Amino acid sequence: APVAGADQIVVLERGRITGEGTSAELADHLGLPESDLTALAVYQNKLFIGTRTKNLLSFDGEKFENYVWTDRTAQAVTSFLETNGKLLIGTFNGGLIEFDGADFAEIKADEKPLPAVTGLFKTSTKIIVGTFEGGLKIYENGVWKNYTTAENLPSNRITGAAEKDGKLYVATDFGIAILQEKSFRKLAILPAVSGLISHENRILLTKDSGEIYTFDNSLKEFS
């Protein structure tokens, strides 16, 4: 996403600010509190930016604003999801936060905070919260459900989720699985999976090392 900064253009690329000069220098030039950016979302005509240590930023095309939560230590903003006119903000240490453009409120699952959120996803009927070590949380029809290795997930560290043909596919750092009623069925073991999306009716996966895979009836390296 290009961002105008005085007499130069900088680009938010793979979570870092790139352009002429170091990322720290460019961040300072733009007035950003840090250069390690973790997530992006457009909401109410503003660009919202998650950071590693400095909470939440927004950019309205002219200036940046820094939102700081004084009631919690977010540690890192990990993900965004717009749903029902509100922006959901996943944090690593500060829970799941809902923003309506004016006020913030914490969302809890059965009155318990959602810890170490790694990703936010949605289908036509579900809001899906991935966590670092607590498995998968699914909110549907006013009810939260929790899925872990006890329900046959390959791992409790969730790295991606997407719907294809009405079925929910979930990536963990040790492989992928598909939801079947009350539990998952493992589809493939693949260490270090870092993400999963559905694109043009195909499931695509990435690894930490950069390889891309597709999954149809079997796992294949993308070429």
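This briefing covers one four-stranded sheet, its hairpins, a further hairpin and two pockets. The model is predicted. Strands 13, 14, 15 and 16 form an open antiparallel sheet. The largest pocket holds about 570 Å³ of space, and the second largest holds about 150 Å³. Strand 16 links two of these topics: it is an edge strand of the sheet, and it gives the most residues to the lining of the second largest pocket.

**The four-stranded sheet**

- The strand order is 13-14-15-16, and the pairing is antiparallel.
- Strand 13 (117–122) and strand 16 (143–147) are the edges, each pairing on one side only.
- On average, neighbouring strands of this sheet are turned by 20° against each other, direction ignored.
- In a regular strand, side chains alternate between the two faces of the sheet.

**Strands 14 and 15**

- Strand 14 (residues 127–131) is joined to strand 15 by four bridges, and the two run antiparallel.
- Gly 130 has Leu 136 of strand 15 as its bridge partner.
- Four residues lie between the strands of this hairpin.
- Gly 135 in this hairpin takes a positive phi near 80°.

**Strands 15 and 16**

- Strand 15 (residues 136–140) pairs with strand 16 over five bridges, again in the antiparallel sense.
- Lys 137 stands opposite Asn 146 of strand 16.
- Both Lys 137 and Asn 146 also line the second largest pocket.
- Two residues separate the strands of this hairpin.
- Asn 141, in the turn, has a positive phi of about 55°.

**The hairpin of strands 19 and 20**

- Strand 19 (residues 175–180) and strand 20 (residues 183–189) run antiparallel, joined by six bridges.
- Leu 179 has its bridge partner, Phe 184, in strand 20.
- There are two residues between the strands of this hairpin.
- Glu 181 takes a positive phi near 55° here.

**The largest pocket**

- Its volume is about 570 Å³.
- The lining has 27 residues.
- Of these, Thr 78, Thr 118, Thr 159, Ser 194 and Asp 208 lie nearest the centre of the pocket.
- Six strands each supply at least two lining residues: strand 4 (37–43), strand 8 (77–83), strand 13, strand 17 (158–164), strand 21 (193–199) and strand 22 (202–207).
- Strand 21 gives the most, with five residues.
- Strand 13 is thus named twice: as an edge of the four-stranded sheet and as a contributor to this lining.
- By class, the lining has 14 nonpolar, nine polar and four charged residues.

**The second largest pocket**

- About 150 Å³ of space lies in this pocket.
- Its lining consists of Ala 109, Asp 110, Lys 112, Pro 113, Leu 114, Pro 115, Lys 137, Trp 144, Lys 145 and Asn 146.
- Strand 12 (112–113) and strand 16 are the elements that give two or more residues to this lining.
- Strand 16 gives the most, with three residues.
- By class, the lining divides into five nonpolar, one polar and four charged residues.

How values were computed
Residues are numbered from 1 along each chain as its sequence is written. This is a predicted model: local features need pLDDT of at least 70, side-chain atom pairs count only at pLDDT 80 or more; totals for chains, interfaces and linings use all residues. Side-chain values use heavy atoms; hydrogens and water are left out. Two strands pair if DSSP finds at least two bridges between them. Axes are lines fitted to C-alpha atoms, for helices over the stretch in contact, and angles run from 0 to 180 degrees between N-to-C directions. On a 1 Å grid over the protein atoms alone, a cavity is a set of points where a 1.4 Å probe fits but cannot get out, and a pocket is an open set with protein on both sides within 12 Å along at least five of seven lines; lining residues have an atom within 4 Å of a point. Grid points are joined across faces, edges and corners, and a volume is the space filled by probe spheres set on the points. Ala, Val, Leu, Ile, Met, Phe, Trp, Tyr, Cys and Pro count as nonpolar, Asp, Glu, Lys and Arg as charged, and the others, Gly among them, as polar.
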